[in-house]
Amino acid sequence: MSELNCQNKETKGKAAAFPQAREGLERLLKSEETSGNGLLIDYEYCTGCHACEVACIKELNLGPNQYGLKLLEDGPRKMADGKWDLNYVPFPTSLCDLCKDRTAEGKIPSCVQHCQSLVMSYGPVKELAEKMARKPKMVLFTPK
């Protein structure tokens, strides 16, 4: 997974602020690794409600302490400017298969369907990578 982020207030979140990151993303978009579908997570607005996690457990019929998607918490921490930073990041585990049975039927993955904050997107990796290049605090999951 990747995150393009910038601390410069004028260019915050712009991939152009990091030429190496932009070049790496452009190489990825041209490579064969962008075939297939992926999961784009915009964790800037994730509320940490765990709906995605519960939906995944139910969909995959997982047992206790097993997760196809695990909600992680980063923070809280006080920033230099006095503000607090807290992020929730839905993190696909090795058990995640992007709901292959659901997607084979033309449905979206269960986590995406049940996300109450609408921060998860499913689709072609190339399209998702292009969206990710335009905004900070996004991660792209591509299963192998």
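## Internal cavities

In this predicted model, the second largest cavity is lined by Cys 56, Leu 60, Leu 69, Cys 96, Asp 97, Leu 98, Cys 99, Pro 109 and Cys 111. Its volume is about 40 Å³. By residue class, the lining of the second largest cavity comprises eight nonpolar residues, no polar residues and one charged residue. The charged member is Asp 97.

In total, two cavities of 30 Å³ or more are counted. The largest cavity encloses about 70 Å³. Its lining is made up of 13 residues, of which Cys 46, Cys 49, Cys 52, Cys 115 and Gln 116 are the closest to the centre. The lining of the largest cavity divides into eight nonpolar and five polar residues, with no charged residue.

## Overall organisation

The chain contains five helices and five strands. Along the sequence, these elements succeed one another in the pattern α-β-α-β-β-α-α-β-α-β. The chain has 144 residues, and 37% of them count as buried.

## The three-stranded sheet

Three strands form an open sheet in the order β4-β1-β5, and their pairing is antiparallel. The edge positions are taken by β4 (120-124) and β5; each has a single partner strand, so one side of each is left without a neighbour in the sheet. From one strand to the next, the twist averages 25°.

Strand β1, which spans residues 37-42, is joined to β5 by four bridges, and the two strands run antiparallel. Within this part of the sheet, Leu 40 stands opposite Leu 140 of β5. In general, the strands of a sheet pair through backbone hydrogen bonds, in either a parallel or an antiparallel manner.

Pro 124 belongs to strand β4. Is Pro 124 buried, partly exposed or exposed? Its relative accessibility is 34%, so Pro 124 counts as partly exposed. Pro 124 and Leu 39 are 85 residues apart along the chain, while their C-alpha atoms are separated by 8.7 Å.

## The β2-β3 hairpin

Strand β2 (residues 69-78) pairs with strand β3 (residues 84-92) in the antiparallel sense, over eight bridges. The two strands form a hairpin with five residues between them. Gly 82 lies in the turn and has a positive phi of about 90°. Lys 78 stands opposite Trp 84 in β3.

Leu 69 connects two parts of this description: strand β2 covers residues 69-78, and Leu 69 is also among the residues that line the second largest cavity.

## Lys 137 and its surroundings

Lys 137 is located in the loop between α5 (125-132) and β5 (138-141). With a relative accessible area of 22%, Lys 137 is partly exposed; the class applies because the buried category is reserved for values under 20%.

Which side chain does the side chain of Lys 137 meet in a polar contact? The partner is the side chain of Asn 87, at 3.0 Å. Lys 137 and Val 89 are 48 residues apart in sequence, and the distance between them in space is 9.4 Å, C-alpha to C-alpha. Strand β3 spans residues 84-92, so both Asn 87 and Val 89 fall within the range that defines this strand.

Note on methods: Residues are numbered from 1 along each chain as its sequence is written. This is a predicted model: local features need pLDDT of at least 70, side-chain atom pairs count only at pLDDT 80 or more; totals for chains, interfaces and linings use all residues. Side-chain values use heavy atoms; hydrogens and water are left out. On a 1 Å grid over the protein atoms alone, a cavity is a set of points where a 1.4 Å probe fits but cannot get out, and a pocket is an open set with protein on both sides within 12 Å along at least five of seven lines; lining residues have an atom within 4 Å of a point. Grid points are joined across faces, edges and corners, and a volume is the space filled by probe spheres set on the points. Buried means under 20% relative accessible area, exposed over 50%, partly exposed in between (1.4 Å probe, protein chains only). A polar contact is a pair of N or O atoms within 3.5 Å; within protein, one must be able to donate a hydrogen and the other to accept it, and residues adjacent in sequence count only if both atoms are side-chain atoms. Two strands pair if DSSP finds at least two bridges between them. Axes are lines fitted to C-alpha atoms, for helices over the stretch in contact, and angles run from 0 to 180 degrees between N-to-C directions.
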